[in-house]
Amino acid sequence: MAGQTTGQTTEFKFPSEIVDLPSKGKCYGKTHPCSSGKIEIKYMTAKEEDILTSQNLIKKGLVIDKLLDSLILTEGVGCDDLILGDKNAVMVAARILAYGPEYSCEVTNPSNGEKVKHEFNLADCPFKELPSNVDYSNNQFKFTLPVSGYEVIFKLLSGAEEKEINAEIEGRKKLGSQVSPELTTRLRKAIISINGDSSPAALNVGVDNMLSKDSYALRQEIQRITPDIEMRQEVNIEGEPVTVDIPMTVEFLWPQTRA
């Protein structure tokens, strides 16, 4: 009968897209779902907009992770499993699918420090070009510290390890520490071994006593090989071309276009 209610719940088919990853899947191992260098995410819905406006998640710093976990469709993958550069790329892709590539925000005029409104095209953000002489197959990388000569084996950090770093730093703050241990905490998570010794004691001593020049060189090497999406673009400010970082404001994922 026309108009009769069947009692069945309407099943929605959400559109999705296959998104390329900056790592090309090279860091995950052959059996990992992201080894193809691609990940499937769905388009954002009102459900995800609820996540974005959840004050509880915002205060806890979990809003981005909850959003991406809700959007990722590739089986067996969450944002905690992705290395940071891939996670950044998925976030940009999610934003483009939800609201388009146009992103208006304020940037700083380097000549006078004044704020200038500019519209970026996020679709123009390229992936970093991976160095051809680096083996990414097992996410372990060898580097010789230039001053001490020690051999360091390190890895690229996952979203889960980034959370652990943030939790440790926050824990130190709550204990009243006047010094933020972000640099040393991050190195301890990234370094697998120093001169072949992977014991926690050796890593603690090695990181705390690493010479500044060695620490800087290691961080530069990690940055050099880390896959990511380039969040920098050239803009024209008062007729002058200037390369600026794209600010990640609250409007990046929640633009003020609501009625």
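## Helix H8 and the two largest pockets

**Exercise 1. Check the length of helix H8 against its expected span.**
Helix H8 covers residues 212–225, a run of 14 residues. At 1.5 Å a residue, times one less than the number of residues, the span should be 20 Å. The end C-alpha atoms lie 20 Å apart, so expectation and model agree. Helices are DSSP runs (H or I, at least four residues), strands likewise (E, at least two), numbered from the N terminus.

The model is predicted: local features need pLDDT of at least 70, side-chain atom pairs count only at pLDDT 80 or more, and totals for chains, interfaces and linings use all residues. Numbering runs from 1 along each chain as its sequence is written, and side-chain values use heavy atoms, without hydrogens and water.

**Exercise 2. Find which residues of H8 are buried, and what they pack against.**
Step 1. Buried (under 20% relative accessible area, 1.4 Å probe, protein chains only) are Asp214, Ser215, Ala217, Leu218, Glu221, Ile222 and Ile225.
Step 2. They cover an arc of only 165° around the axis, taken from the directions to the C-beta atoms, so they sit on the same side of H8.
Step 3. The buried residues of H8 pack (heavy atoms within 4.5 Å) against strands S5 (141–144), S6 (151–154) and S7 (191–194) and helix H6 (182–190).
Step 4. Ser212, Lys213 and Gln223 are exposed (over 50%) on the face turned away from the buried side.

**Exercise 3. Classify the lining of the largest pocket.**
Nonpolar (Ala, Val, Leu, Ile, Met, Phe, Trp, Tyr, Cys, Pro), charged (Asp, Glu, Lys, Arg) and polar (the others, Gly among them) are the classes. The lining has 14 nonpolar, 4 polar and 9 charged residues.
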